[in-house]
Amino acid sequence: MKFLCKNFGEVLSLYSKSPYQKSIIRRNIRYLNLGDRSTSNLLLSPAEATKILRTNESTVDIQSKCSIKYYDVNYLGANNPIEDRQTSAKFLYSNIYLFGVFDGHGGYQCSDTISQRLFDYIALNLLNTKQLEDKLKLKSTGKFPLWYAYQATYNDARSQKLKELHRQSLLLYAEELLKEKIMEESIGNEIEYNMEKIMIDSFLKLDNDLMIEALPNPASGKTLDKETLDVAMSGSCACVALIKDMDLYVANLGDARAVLGQEIDDGTYVPYQMSFEHNSENINEMKRLFDEHPNEHTTLIRDGRLLEMLLPLRAFGDVRFKWPQKNLKDYAVPVYGHGVIPSYYFSPPYVTARPEIIHKKLNYRDKFLILATDGLWDLLSPEKVVQLVGNHLNGQQSYDPYVIPEDRPVKLREVFEDLTKRRVSISHQPVDHNSATHLIRYALGNDHIQISNYLRADMPRNIRDDITITVIYFDTDHIIEA
């Protein structure tokens with residue numbers, strides 16, 4: 001087997017404060033931990049490896065006059081069951097599109113629940129008063145459609161009891177929003193649809209509902225329920241893109257990431273960061289945390305983890321870092337034991353579900369947006385990911401037959417330049433037509449032996465994380481026209 005480095009000494013010599021160089025260290029250690037399993041009878045054949053890599057891939061054409069052409073998705077699990085989730089949908093009432101990747105930790109329950117519910121909370125905030133009233137008239141039917149979902153990437157793991165509880169919470173939220181809108185309109189205020197506020201409010205409201213649903217409610221006869229408690233005790237990062245016409249909004253929570261691929265004048269692609277990881281390597285995030293807990297500087301972060309336990313500093317769920325200590329003692333300790341309460345638990349909440357929002361107006365340089373959980377970013381830098389997708393895009397285009405334009409005069413030099421570019425593109429023709437699959441393949445290794453060893457690993461979570469990727473391609477012609 002080929003290693004990136006020959007021994008641990010060489011790995012340690014790479015140490016740097018650069019987050020990406022630290023990811024290189026992690027990647028080298030993971031390769032070393034795979035062991036030498038390159039014996040031919042243990043290797044997957046190229047066809048077998050490709051079949052595994054393509055199992056969960058999907059390509060969806062939007063087929064609508066908007067800024068999005070199509071998108072690719074794929075995921076490769078490491079946890080069993082996988083803790084990542086991915087969702088994509090279109091708002092029923094306008095050309096608003098949502099794409100999200102969700103990275104669970106401490107179990108799949110929170111990420112699965114968030115992926116099923118978050119877009120509904122955002123949609124409610126997008127409805128006007130009349131639309132809300134009409135939707136609430138349907139509540140007795142049990143149907144409450146708000147989005148057109150493009151594909152069901154994962155099975156809904158929730159029980160019927162949990163689904164009904166979540167439906168009731170959504171109806172209550174709809175009624176709250178309707179009352180607020182009616183109140184605002186009655187005093188002559190115009191209802192504003194600020195996308196950043198809508199996304200922040202939706203994230204925070206859903207997280208608050210998770211915590212309320214996990215608690216017993218004597219008034220309604222609801223007792224302590226382990227299923228709702230599991231959802232709230234586990235956690236999930238989230239990276240969600242909302243695209244409306246030429247406006248791109250990314251709401252990020254935790255360590256999943258969004259990176260825009262831009263084409264510059266020389267035809268190459270460069271990354272434009274649309275999110276920042278919320279962890280101990282983020283200086284602004286550390287300042288926020290220290291400001292909120294001014295007397296705990298020596299105990300807040302140890303070994304890069306919050307209270308020695310949690311890597312992301314923002315997340316859904318994770319009530320063991322949010323609830324008052326009394327709630328944890330009364331409801332969590334009897335179910336999970338005393339170890340559920342972190343050491344130095346002085347002034348909760350320590351974790352927030354408030355997302356960081358970045359907004360950008362799309363322009364002709366913006367070619368694609370990559371949303372991915374940290375399983376990808378542990379292995380590849382944003383620069384490399386954008387380069388891979390850009391080359392993949394060029395290689396895909398070279399499969400199309402070359403056609404000389406007939407609507408205008410064409411000089412021989414122009415044809416020559418086009419064919420020269422095409423020859424370069426042909427050299428980048430990818431094995432996989434799906435760019436998310438292409439990224440997963442490259443992240444696992446530069447040769448078949450590395451890929452096979454990753455895919456055959458007995459305990460893959462020991463060497464990598466779940467990888468979930470969505471690549472959204474923009475319609476440059478539509479953007480230029482707009």
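**Notebook: cores and helix α6**

I looked up the largest nonpolar core (buried Ala, Val, Leu, Ile, Met, Phe, Trp, Tyr and Cys residues joined through side-chain atoms within 4.5 Å; buried means under 20% relative accessible area, with a 1.4 Å probe and protein chains only): of its 44 residues, Leu118, Leu124, Trp147 and Phe316 touch the most other members. I noted that α4 gives the largest share of this core, nine residues. Helices here are DSSP runs of H or I with at least four residues, strands are runs of E with at least two, and both are numbered from the N terminus.

The model is predicted: local features need pLDDT of at least 70, side-chain atom pairs count only at pLDDT 80 or more, and totals for chains, interfaces and linings use all residues. Residues are numbered from 1 along each chain as its sequence is written, and side-chain values use heavy atoms, without hydrogens and water.

I then listed the contacts of Leu118 (heavy atoms within 4.5 Å). Leaving aside neighbours within four places in sequence, Leu118 is in contact with Phe102, Ser202, Phe203, Leu206, Val240 and Phe316. I also found a second, separate core of 32 residues, which includes Leu44, Leu53, Ala443 and Ile463.

Next I checked helix α6, residues 160-186. At 1.5 Å times one less than its number of residues, its 27 residues should span 39 Å, and its end C-alpha atoms are 39 Å apart, which agrees. Its buried residues include Leu162, His166, Tyr173 and Lys181. I recorded that the buried residues of α6 pack against α4, α5, α7 and α8. Just after α6, Gly188 takes a positive phi of about 85°.

Note on methods
Buried < 20%, exposed > 50% of the residue type's maximum accessible area, 1.4 Å probe, protein only.
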